[in-house]
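Thank you all for making the time this morning. I would like to go through one model with you, beginning with its overall build and then turning to its core and its aromatic side chains.

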Amino acid sequence: MKKDNFILKILITILIFLILIVITILMDFFNLFSTISCKLNSSFLEIIINNIIIIMIFIITYFLIDKRNMKKEEEKKKNQEYVLKQLLVETYTECKKTIKLLDNNEILSKYIVPKVDFNKTDFDNVVVTNLKNSPFKNENTILDLFKEGIFSTIHLHNYFRIKSEYQGYISIRITFFDREELTKNSRIKINKDLDLEFKYLIDE
C-alpha cells in the first residue's frame, strides 16, 4: 500500500511538471510573456518564478524523504520478521529438547519424579512448572511482534496450540512416568505439530 502511494505521488509530480511545461509552451506560442512583462515589473516575475522553484524543490525533497522512510520501515519489518522467526524456532527447539530429555526414563525417575509432590497441583510443583514454562520465556516479546502484524495469525494460533499440547504432555509424562504407553499418542502428536511448524517457518 505504501509503495502504491509513493508511485501515485511520483505520477502526480510528473503530471504537474508536464502541465507547467505545456502552459509555458502555450504562453510562449501566443507571445504572452512579452505582454505580461509589460504589465508586471521584472522583480514581481522573479518572485513568482522563485516561489515556483522553491515549491518544486520542496515537493521533490518531500518525496525523497518519504521514499527513505519507506525503506526504513521495510527494513524494520524484515528485522522484526527475522527476530520473531528466531524466537519461535528457539521456543520449539527447546520444546523438542525437553521432550527428548523426558524420553530418558532413568533421568525422569531419578532426577525429576523424586522432586515432584503428587499431592500438589503442577502449579505448586516448581520442577513441573519450570519444565512447562521454560521454552516460552520469550512469550511477551513474541506476542508484541505478533501484535505488529509481522506474521500471519495462523502462526499465533499454532503457537498457542503447541504450547497447550506441550504443557499437557509434560504433565501426563511426569504423572504417568512408569506408564509410557499412556503418553505415547500425546508425544507423537506434539512432535508432529512441532515438525510441521518448523517446516512452515523455514518455508515462510
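Let me begin with a term: a residue is called buried when its relative accessible area is under 20%. By that criterion, buried residues make up 27% of the 204 residues in this protein, and please keep in mind throughout that what you see is a predicted model. The protein exposes about 14200 Å², of which carbon and sulfur atoms supply 63%.

As for the secondary structure, the protein has eight helices and zero strands, so that, in the sense of the DSSP runs used here, the order from the N terminus reads α-α-α-α-α-α-α-α. If we take the contacts with a separation of 6 or more, 78% of them are between residues 24 or more positions apart.

Now to the interior. Which residues of the largest nonpolar core touch the most other members? They are Leu84, Leu88, Tyr92 and Ile174, in a core of 29 residues. At least two residues of this core come from each of helices H3, H4, H5, H6, H7 and H8, and H3, which spans 42–102, gives the most, with seven residues. As a general remark, nonpolar side chains in soluble globular proteins tend to be buried together.

Tyr92 deserves a second look, since, leaving aside its neighbours within four places in sequence, Tyr92 is in contact with Asn158, Tyr159, Ile162, Leu194, Glu197, Phe198 and Leu201.

One of those partners, Tyr159, leads us to the aromatic side chains. The structure holds five aromatic pairs, and in the pair of Tyr159 and Phe160 the ring centres are 5.5 Å apart with the planes at 70°, which makes the pair edge-to-face because that angle is over 60 degrees. Are these two residues buried or exposed? Tyr159 is buried, at 0% relative accessibility, whereas Phe160 is partly exposed, with a relative accessible area of 38%. Both belong to one aromatic cluster together with Phe136 and Tyr166, and over the face of Phe136 lies Lys163, at 5.6 Å from the ring centre.

Finally, a polar residue: Ser171, which lies in helix H7. Why does Ser171 count as buried? Its relative accessible area is 15%, and therefore under the 20% limit. Not counting residues up to four places away in sequence, Ser171 touches Asp122 and Lys132.

How values were computed. Residues numbered from 1 in each chain as written. Predicted model: local features only at pLDDT ≥ 70, side-chain atom pairs only at ≥ 80, totals over all residues. Heavy atoms only, no water. Core = buried A, V, L, I, M, F, W, Y, C linked by side-chain atoms within 4.5 Å. Buried < 20%, exposed > 50% of the residue type's maximum accessible area, 1.4 Å probe, protein only. Helix = DSSP H or I, 4+ residues; strand = E, 2+ residues; numbered from the N terminus. Contact = heavy atoms within 4.5 Å. Areas by Shrake-Rupley, 256 points an atom, 1.4 Å probe, with all protein chains shown as cover. Phe/Tyr/Trp six-rings, centres within 6.5 Å; stacked < 30°, edge-to-face > 60°. Lys NZ or Arg CZ within 6 Å of the ring centre and 35° of its normal.
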